[in-house]
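Please read the points below alongside the model, as they move from the overall fold to the domains, the core and the ligand site.

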Amino acid sequence: MSKYRLLDCGNGQKVEILGDYKVIRPCPQAIWKPFNPKLWEDADSLFERTTGEKGTWKALKNPDNQKRNKLGGGTPENWEVKSDSGITWRIRPNDFGNIGVFTEHWQYAPSLVNFFDKKGKILNLFCYTGSNNIDLVKAGYKVTVVDSSSVALDDYTHNLGLNRLSRDGQRLILEDVHKFIVREVRRKAQYDGIICDAPSFGRGTKGEVFNIEEDLIKLLEACKELLSPKGKVVLTLHSPRFTPRILETVCAQLFPKKKVEVSEILNPCESGVKLPSGFLVKIG
Ligand SMILES: C[S@@+](CC[C@H](N)C(=O)[O-])C[C@H]1O[C@@H](n2cnc3c(N)ncnc32)[C@H](O)[C@@H]1O
């Protein structure tokens, strides 16, 4: 199976090679023109929005493939791809144009093995399918993951299995993040590392609303209480409202004894352009 390749982006889209398939899907921040139109040729599938955020996958090479998966065409229901660090991931396209992994996390996730204390106890909030923490599991860390989507946690479990990683010492929690952290604070639980990929907007298992504009500070305050004295935090955000300077100011105020570093997550394309994909804050 071939490795993941981000080929190019432009005109609000990106083109990627995901294992055996070349796929084009939305990428709103790529407002420029494609840098290398040749790289867009011969794609298998294109995601087109129909209503609001939703859409369908359209077979490009062979229109008869239209029905190859229930969402549209050009690819199977699911397949696999490898990231640069050698981890195998399940790809499962959905009708929002997502594919079951957020590949921008692969830019920094392998390096977290050197950031967190070796074999520390890690908490990953809003884990989705584990793009930002499976490297840690592979390196032997005990990771508690929390997410409100059973589909995401099923894929997380599947990804552990694909990489022959034992579930021993790994905790998977299907719950609203806020409810989980309130309970952990009450229990005086402590973690050596907290990862948090905060969505701009999300819902808990019972419809509880997470709205980054209102809830980010509350979330960080709770993380602070759950952190062991030498503990470290990795926060990623994809909301344009939170600029690097805003993030630096908020985090430096909340964690005055720790070093705060903010950087932009850049996903390099083979065409040469670096695709901006959110901000990474390291507190430790
Ligand atoms: C943008 S994804 C996170 C991406 C992920 N960290 C990765 O690296 O692949 C947002 C995730 O947050 C979850 N989520 C949203 N609101 C939530 C809430 N209130 N409690 C728990 N999980 C929530 C969603 O189910 C989804 O899996």
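**Notes on the model**

1. The chain contains 6 helices and 16 strands, and it should be kept in mind throughout that these come from a predicted model.

2. As to overall dimensions, the C-alpha atoms of the chain occupy a box of roughly 60 × 40 × 35 Å when taken along the principal axes. The radius of gyration is 19 Å, which agrees with the value near 19 Å that a compact globule of 284 residues would have.

3. On packing, 40% of the 284 residues of the chain count as buried. Among the contacts in the chain with a separation of 6 or more, 55% are made by residues that lie 24 or more positions apart in sequence.

4. The domain assignment divides the chain into domain 1, covering residues 5–86, and domain 2, covering residues 103–283. The centres of domain 1 and domain 2, taken over C-alpha atoms, are separated by 27 Å.

5. Where the two domains touch, 15 residues of domain 1 are in contact with 13 residues of domain 2. On the domain 1 side, strand β1 (residues 5–10) gives the most, with 5 residues, and the composition of this side by class is 6 nonpolar, 4 polar and 5 charged residues.

6. The largest nonpolar core has 68 residues, of which Ile122, Ile194, Cys196 and Val281 touch the most other members. This core is relevant to the domain division as well, in that it draws at least three residues from each of domain 1 (5–86) and domain 2 (103–283).

7. Cys196, one of the residues that touch the most other members of that core, may be worth inspecting individually. Leaving aside its neighbours within four places in sequence, Cys196 is in contact with Leu125, Phe126, Leu219, Cys223 and Leu235.

8. Turning to the ligand, which residues are the closest to it? The ligand is surrounded by 22 residues, and the closest are Tyr128, Ser131, Ser149, Asp197 and Gly202. The elements that contribute two or more residues to this shell are strand β9 (142–147) and strand β12 (201–203).

9. By class, the shell around the ligand is made up of 9 nonpolar, 8 polar and 5 charged residues. A colleague looking at the site may wish to set this composition beside that of the domain 1 side that touches domain 2, where 6 nonpolar, 4 polar and 5 charged residues are found.

Methods
Residues numbered from 1 in each chain as written. Predicted model: local features only at pLDDT ≥ 70, side-chain atom pairs only at ≥ 80, totals over all residues. Helix = DSSP H or I, 4+ residues; strand = E, 2+ residues; numbered from the N terminus. Rg over C-alpha atoms; globule rule 2.2 N^0.38 Å. Buried ≥ 20, exposed ≤ 12 C-beta atoms within 10 Å, placed from the backbone. Contact = placed C-beta atoms within 7 Å. Near = placed C-beta within 6 Å. Nonpolar A, V, L, I, M, F, W, Y, C, P; charged D, E, K, R; others polar. Core = buried A, V, L, I, M, F, W, Y, C linked by C-beta atoms within 7 Å. Domains from an automatic or database assignment.
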